[in-house]
Protein chains: 2
Amino acid sequence: MASLDDVAREAGVSASTVSRALSRPSMVAESTLVRVRAAVERLGFRANPAARALTTGRSGFFAVLVPDLDNPFYSTTATAAQDQAGRSGRRVLIAVTGGDPDREAEALGELEGQVDGFAVQSPVSSAAALKEVHARKPVVAINRRVPGLTSFTVDTPGGLGQVYDRLVELGHRDVAYLAGPPSSWMDRHRRAELVEHAARSGLRVRVHGPVRPAFAEGAAAAREIADSGCTAVLVYNSLLLLGVMFEFGRLGVRVPEDISVAAADDIALVDLPGPPITAVRTPADELGRAAVLALTTLVDGEGGDRPRGRRLPTTVRITDSLAPPRTA
Amino acid sequence: MASLDDVAREAGVSASTVSRALSRPSMVAESTLVRVRAAVERLGFRANPAARALTTGRSGFFAVLVPDLDNPFYSTTATAAQDQAGRSGRRVLIAVTGGDPDREAEALGELEGQVDGFAVQSPVSSAAALKEVHARKPVVAINRRVPGLTSFTVDTPGGLGQVYDRLVELGHRDVAYLAGPPSSWMDRHRRAELVEHAARSGLRVRVHGPVRPAFAEGAAAAREIADSGCTAVLVYNSLLLLGVMFEFGRLGVRVPEDISVAAADDIALVDLPGPPITAVRTPADELGRAAVLALTTLVDGEGGDRPRGRRLPTTVRITDSLAPPRTA
DNA sequence: AGCGCTTCTGCAAGCGCTTGCAACAACGTA
DNA sequence: TACGTTGTTGCAAGCGCTTGCAGAAGCGCT
C-alpha cells in the first residue's frame, strides 16, 4: 500500500503538501495539485483511515443501533441512514442489539472509540446512560424521545387516533390490539394512547400479545384474535398485520366483512396489490436520514445550538379494510 | 479519555507493560497484572482503536456486503456474521450494496483500508475484481462460488431436485417457477437446474418474473400464476412465497387443493403456524457464521492452507403443501 | 562465589497521517 | 529601496498504541 510519503516522493513535494492537496485543496497551488493528483492516481493511493482517525480524532463512522434487522422498520431506517451518511463521505456501522439492554450498553461502550456519533433506534438503555455517552460522542435517538438528546419520532399516536375515531364512527365497540415487544417505547406509547382513547370513546379494547413483531407471530396470533369476538383489530406493525391477514385467509376470516384491520405503520404494505389496507403512513427512511443529518451537523457544526429533534407527521390512509362491524 | 500513559502512571509501570498486560497477559507478572487491571478499571480506560489499528494493521472489523437488508436471507446471514465475529472480539460492518456492481466495487475499495476481511454475499462483481482485492485482504464469498476464493454455498439445487421428483411423482406436468432477481447467481443456478430437471422428467415449466424477492412482489405475481393453469408453483424464496400465498388467500385459491406450493428456502416460514409448507431448509445463519469463521482463520491463521469452502447440505421438508394436481 | 538461565520490565522507535509554525518567494505599496 | 502582504511549501511534532531489544532481577546450578 502506497503511503503519503510515497506519493510525496512521486510528486516531488512534501508529505504535508500531499495531505493538504487531498483534504484542503484550496491551500495548494493549482500546478502542484495537478502533480499530486497524478501521483495519487499512478500509485493508487488511498489514505490510511486508521492513521487519519488517530490524528484527527474522527473515524468517519456513525453507529446505528437497531434491535434487529428482520423488522423492515429497522432495516429501512438503517439503510436510509447508510445512504444519508454516504453523502458526507461517511459510513455507517450497523449494530444489532437484539433489543437487549446489556448488548446495547456493550455496543455503546465498545463503539464509542470507533465512531463519530450514534443513532440509537428504539433504545432500551436508560436515558441517563445515553446522556453519559452523549457527553463524549453525539447521540441522537430514533423513535423514542429522550430528554436532553436530539430525538426523532413519528407521530403514530396521532395517526392512530384517526383510526380509532373512524372505528367508533363505523360502530365498532370491541377492538383488539396486537401489541409489539414490551421493551418498545413506541409500543408503550401506543398502548397508552389506545387506552386513553378507549376510555373517551367507549371502545372496549382487548390487548393481545405482546409478540415479537414478525410475520409468523402475527399469523400465530390470528386465531386467538379471530376467536376473541372483536370486530376490528389494530396491529403494532405492518409485518405482524400481514401475518395476521395471512392466517385469516387460511382460517376463512374475511377482511373487512368479518373483521376490520389496520396497522400502525405501512412499511410492509407498500406495493401490495389488491385493496389497500388502513395504516398510518410511517416515514421510516426519513427517520434514518434525519437522525444522520442531525449527527452530521452535531459533528461538523460549529457547536453551539444542537439540532432540534422532530416528530415527523404521519398521514393516515383509511381504506375499505375498515368496515362496519358484522353484527351492526 | 484516559490513554495508555495515564494508566501506566496510575499503576506505576510503563506504558509497554500496560499494553502487554492487556493484549498478552501471560508475559506479565501476576502482581503487576492486578495493579494494571485496577488502574484500568479506575480510569475506565479503553484502548483507542485507531491507534491500535495503526500499529497492528488490524482494525478488528470484517465487512459484510449484502445486496439489501429487507430480504431475510441476507439479514439473517449478516446478523449471524455479526454474532460470529463477536466471538473473536471483532465487529462487522454491514454494507448494503443494492445489488449494484458499482456500489459493490466502491464499497470494496473504500473499506479495504478499514477492515480485516470481506464476506461478500451474492457478489455481482467479477471474479477477477474480487480476487484482486483478495490479494490484499481476505475475501470469502457467500452463496456464490468464485474460483480462487473460499466460497460457501447452499445446496439448494439438490434440495429442489427432490421437490421436483415429488411433483412428478404426484402427477404434476405443469409447474410455475417464480424467479428471483436476474443478477442473482443463485437464481441462475436454480433455473438451470430446473430446466435440466424438467427436460429429464417431462415437466413443463413456466418461468414468472424475475421479481424483487419481496412479499409484495410475490403477492403481485400470484394472480398471474394462478391464471397460468399450472398445478404447482415453486418460488425463489420464502418471502415471495408468503406473498404468493397471501394473495392466493384473497383470490380464493386454496393450497394445496388448487395448487401445490414450495419455496427454495425456509427462512420466513420458520414458526409459521398451521400446516407446514414444503421448502428446502436453508441454513442462512450457518452461512454467515462459516464465512466469518473462514475469515477469522484466514486472518489469524499462520497462513498456509486457506480454509476450504463448503457447500452446505440442505434438507427438504416435503409436506402436504404438495398434493396431486387437481385434474389428476 | 560465579555462571547461565528464565522472567519480567522499560526504552525507544515507528505505524501514516495532520497541522501549527516558520520559511520563503513574489508582489505590490509607500 | 524597504517593507508588509499574500500565497505556497516544508519541517517537525505528535496522535496512542505495539513491539524488538536490552537491561535488571531472581533463580538454581556447579
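**Exercise 1. The surface near DNA strand D**

Which element supplies the largest share of the surface near DNA strand D? Work out the rest of that surface too.

*Solution.* Some ground rules come before the steps. This is a predicted model: local features need pLDDT of at least 70, side-chain atom pairs count only at pLDDT 80 or more, and totals for chains, interfaces and linings use all residues. Residues are numbered from 1 along each chain as its sequence is written, while chains are lettered from A and ligands numbered from 1 in the order in which they are written.

Step 1. Find the residues. A residue is near a strand of DNA if its C-beta atom, placed from the backbone, lies within 6 Å of it. DNA strand D is surrounded by 25 residues. The closest are A:Ser16, A:Thr32, B:Leu4, B:Ser16 and B:Ser19.

Step 2. Assign them to elements. Helices (H or I, at least four residues) and strands (E, at least two) are DSSP runs, numbered from the N terminus. H2 and H4 of chain A, together with H2 and H4 of chain B, give two or more residues each. H2(B) has the largest share, 6 residues.

Step 3. Sort by class. Ala, Val, Leu, Ile, Met, Phe, Trp, Tyr, Cys and Pro count as nonpolar; Asp, Glu, Lys and Arg as charged; the others, Gly among them, as polar. The surface near DNA strand D then has 11 nonpolar, 12 polar and 2 charged residues.

**Exercise 2. The surface near DNA strand C**

Repeat the analysis for DNA strand C.

*Solution.* Step 1. There are 25 residues around DNA strand C. A:Leu4, A:Ser16, A:Ser19, B:Ser16 and B:Thr32 come nearest.

Step 2. Helix H2 (15-23) and helix H4 (49-56) each supply at least two residues, in chain A and in chain B. H2(A) gives the largest share, 6 residues.

Step 3. The class count is 11 nonpolar, 12 polar and 2 charged.

**Exercise 3. How the two chains meet**

Describe the contact between chain A and chain B, then the relation between the copies.

*Solution.* Step 1. Count the residues. Two residues are in contact if their C-beta atoms, placed from the backbone, lie within 7 Å. On that basis 36 residues of chain B touch 36 residues of chain A.

Step 2. Name the elements on the side of chain B. H4, helix H5 (72-87), strand S2 (91-96), helix H10 (215-227) and helix H11 (238-251) each give two or more residues. H11(B) gives the most, 6 residues. By class, this side has 22 nonpolar, 9 polar and 5 charged residues.

Step 3. Superpose the copies. The fit is by least squares on the C-alpha atoms of residues with pLDDT of at least 70 in both. A rotation of 180° with 0.1 Å of shift along its axis places chain B on chain A, at RMSD 0.3 Å. The copies are therefore related as by a two-fold rotation axis.

Step 4. Compare the surfaces. Of the interface residues of chain B, 100% are also interface residues in chain A, so the copies meet through the same surface.

**Exercise 4. Helix H6 of chain A**

Which residues of H6(A) are buried, and why do they line one face?

*Solution.* Step 1. Apply the burial test. A residue is buried with 20 or more other C-beta atoms within 10 Å of its own, exposed with 12 or fewer, and partly exposed in between; C-beta atoms are placed from the backbone. In helix H6 (residues 101-111), A:Glu104, A:Ala107, A:Leu108 and A:Leu111 are buried.

Step 2. Look down the axis. The buried residues fall within an arc of 100°, so they line one face of the helix. The arc is that of the directions from the helix axis to the C-beta atoms.

Step 3. Find the cover. It includes strand S1 (61-66), strand S2 (91-96), strand S3 (117-121) and helix H7 (127-134) of chain A.

**Exercise 5. Unusual backbone in chain B**

Locate a cis peptide bond and two positive phi values in chain B.

*Solution.* Step 1. Recall the norm. Most residues other than glycine have a negative phi, and most peptide bonds are trans.

Step 2. Take the peptide bond. B:Val255 and B:Pro256 are joined in cis, with omega about 5°. B:Pro256 is in the loop between H11 and strand S9 (260-263).

Step 3. Take phi. B:Asn143 has a phi near 65°. B:Asn143 sits in the loop between strand S4 (139-142) and strand S5 (150-154). B:Asn143 is buried, with 25 other C-beta atoms within 10 Å. B:Asp271 has a positive phi of about 70°. Its loop runs between S9 and strand S10 (278-281) of chain B. B:Asp271 is partly exposed, with 13 C-beta neighbours inside 10 Å.
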